[in-house]
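Please open the model in your viewer, with the sequence panel beside it, and follow the selections below in order.

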Amino acid sequence: MKISIIGAGYVGLVTGTCLADSGNEVACLDNDPEKIAALRQGEVPIYEPGLTELIKNNARAGRLRFTDDPAKAVAGARCIFICVGTPQRDDGSANLEYVRACCLEIAPHLAEDAIVVVKSTVPVGANRQVASWLKEAAGRDIATASNPEFLKEGAAIDDFTKPDRVVVGADSEDVVAVLAGDESVPLLVVEELHCARRHVGIPFDYADPNARPALLSLRNFETKSLSGRLGDRTSTPQDSPE
Ligand SMILES: NC(=O)c1ccc[n+]([C@@H]2O[C@H](COP(=O)([O-])OP(=O)(O)OC[C@H]3O[C@@H](n4cnc5c(N)ncnc54)[C@H](O)[C@@H]3O)[C@@H](O)[C@H]2O)c1
């Protein structure tokens with residue numbers, strides 16, 4: 001699959017490199033030209049065991065490239081992962097300026113079937129904002145999804161390649177199908193508040209203590225109601241209209 005990563009920082013570099021290593025064609029965009037120039041030379045600005053080697057191998061194999069040009073980064077891409085920073089403001093709220101800026105930059109260049117996936121840590125309702133920024137700049141609706149990240153610095157490659165759960169938030173089954181990937185990994189699919197339909201893809205065992213951090217971190221979703229529904233279900237994928 002052709003994939004774009006927006007923001008070649010910690011999350012973006014690990015995500016993009018691991019996706020390239022599993023055979024995808026990945027372009028990483030960053031608006032810091034010095035960072036892009038360094039990455040092209042194989043200089044990795046973060047410390048993560050094994051990452052430099054993995055970047056070099058995949059760049060050499062032609063599966064991973066770096067650019068500061070939004071049009072080149074997203075041309076023909078099916079999935080575009082937003083991995084820019086969302087720093088805290090003084091009042092504790094997340095600053096979404098970088099998310100907004102990159103939406104406006106990439107939107108005019110997105111493919112017809114593009115899915116924009118937010119990996120950055122964002123608050124309640126952010127995906128509706130993302131969809132509206134994309135529409136404003138593209139002049140049409142663009143599919144969006146959430147796929148929050150649980151990487152631990154120092155073990156990020158293992159966390160990405162062998163996740164104990166993957167969390168996807170979307171209101172379209174087609175989008176979920178594209179993102180679901182490896183069926184052996186527990187998948188929790190949730191919907192945003194006020195969506196017309198709920199999608200719960202399992203297997204996902206809510207009694208599993210590993211599941212709790214994932215649910216707790218999903219502050220932007222209706223986790224209370226969802227967790228109640230998951231309590232007595234641990235297997236078959238299900239889609240129940242409201
Ligand atoms: N670092 C972690 O361990 C971690 C784990 C889980 C989630 N997160 C979340 O993931 C997000 C990214 O975190 P990070 O640590 O990778 O941030 P980072 O600061 O390391 O990287 C962000 C990158 O985005 C680039 N950028 C900013 N605006 C851009 C634009 N308009 N176009 C292109 N590139 C742009 C910056 O130059 C920078 O290189 C944050 O929301 C963070 O909260 C981080």
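Begin with the whole protein chain of this predicted model: buried residues account for 34% of its 242 residues, and its secondary structure amounts to 10 helices and eight strands. If you draw the contacts in the protein chain with a separation of 6 or more, 66% of them join residues 24 or more positions apart.

Next, select the ligand and the 25 residues around it, of which G7, G9, V11, S120 and T121 come nearest. Coloured by class, this shell shows 11 nonpolar, eight polar and six charged residues. Which helices each supply at least two residues of the shell around the ligand? They are α1, residues 10-21, and α5, residues 97-106, and it is α5 that gives the most, with four residues. The tour takes these two helices in turn.

Select α1 and place a distance between its end C-alpha atoms, which are 17 Å apart; this agrees with the 16 Å that its 12 residues should span at 1.5 Å a residue. The helix is mostly covered, since 10 of its 12 residues are buried, and the buried set consists of V11, G12, L13, V14, T15, G16, T17, C18, L19 and A20. V11 is thus one of the buried residues of α1 and also among those that come nearest to the ligand. To see what the buried residues of α1 pack against, add β1 (2-6), β2 (25-29), α3 (51-60), β3 (64-67), β4 (79-82) and α7 (156-161) to the selection. Before leaving α1, look at G23, which follows the helix and has a positive phi, near 105 degrees.

Now move to α5, where V99, C102, C103 and I106 are buried. These residues cover an arc of only 105 degrees around the axis, which puts them on the same side of α5. The spacing is in keeping with a general rule: an α-helix has 3.6 residues a turn, so residues three or four places apart point the same way. Among the elements that cover the buried residues of α5 are β1, α4 (70-74), β4 and α6 (126-138).

Finish on β1, an element that packs against buried residues of α1 and also helps to cover those of α5. Is this strand enclosed or open? Four of the five residues of β1 are buried, so the strand is largely enclosed by the rest of the structure. With β2 shown beside it, β1 pairs in the parallel sense over five bridges, and I3 has V26 in β2 as its bridge partner.

Technical notes. Residues are numbered from 1 along each chain as its sequence is written. This is a predicted model: local features need pLDDT of at least 70, side-chain atom pairs count only at pLDDT 80 or more; totals for chains, interfaces and linings use all residues. A residue is near a molecule or strand if its C-beta atom, placed from the backbone, lies within 6 Å of it. Ala, Val, Leu, Ile, Met, Phe, Trp, Tyr, Cys and Pro count as nonpolar, Asp, Glu, Lys and Arg as charged, and the others, Gly among them, as polar. The expected span of a helix is 1.5 Å times one less than its number of residues. A residue is buried if 20 or more other C-beta atoms lie within 10 Å of its own, exposed if 12 or fewer, and partly exposed in between; C-beta atoms are placed from the backbone. Two residues are in contact if their C-beta atoms, placed from the backbone, lie within 7 Å. The arc is that of the directions from the helix axis to the C-beta atoms. Two strands pair if DSSP finds at least two bridges between them.
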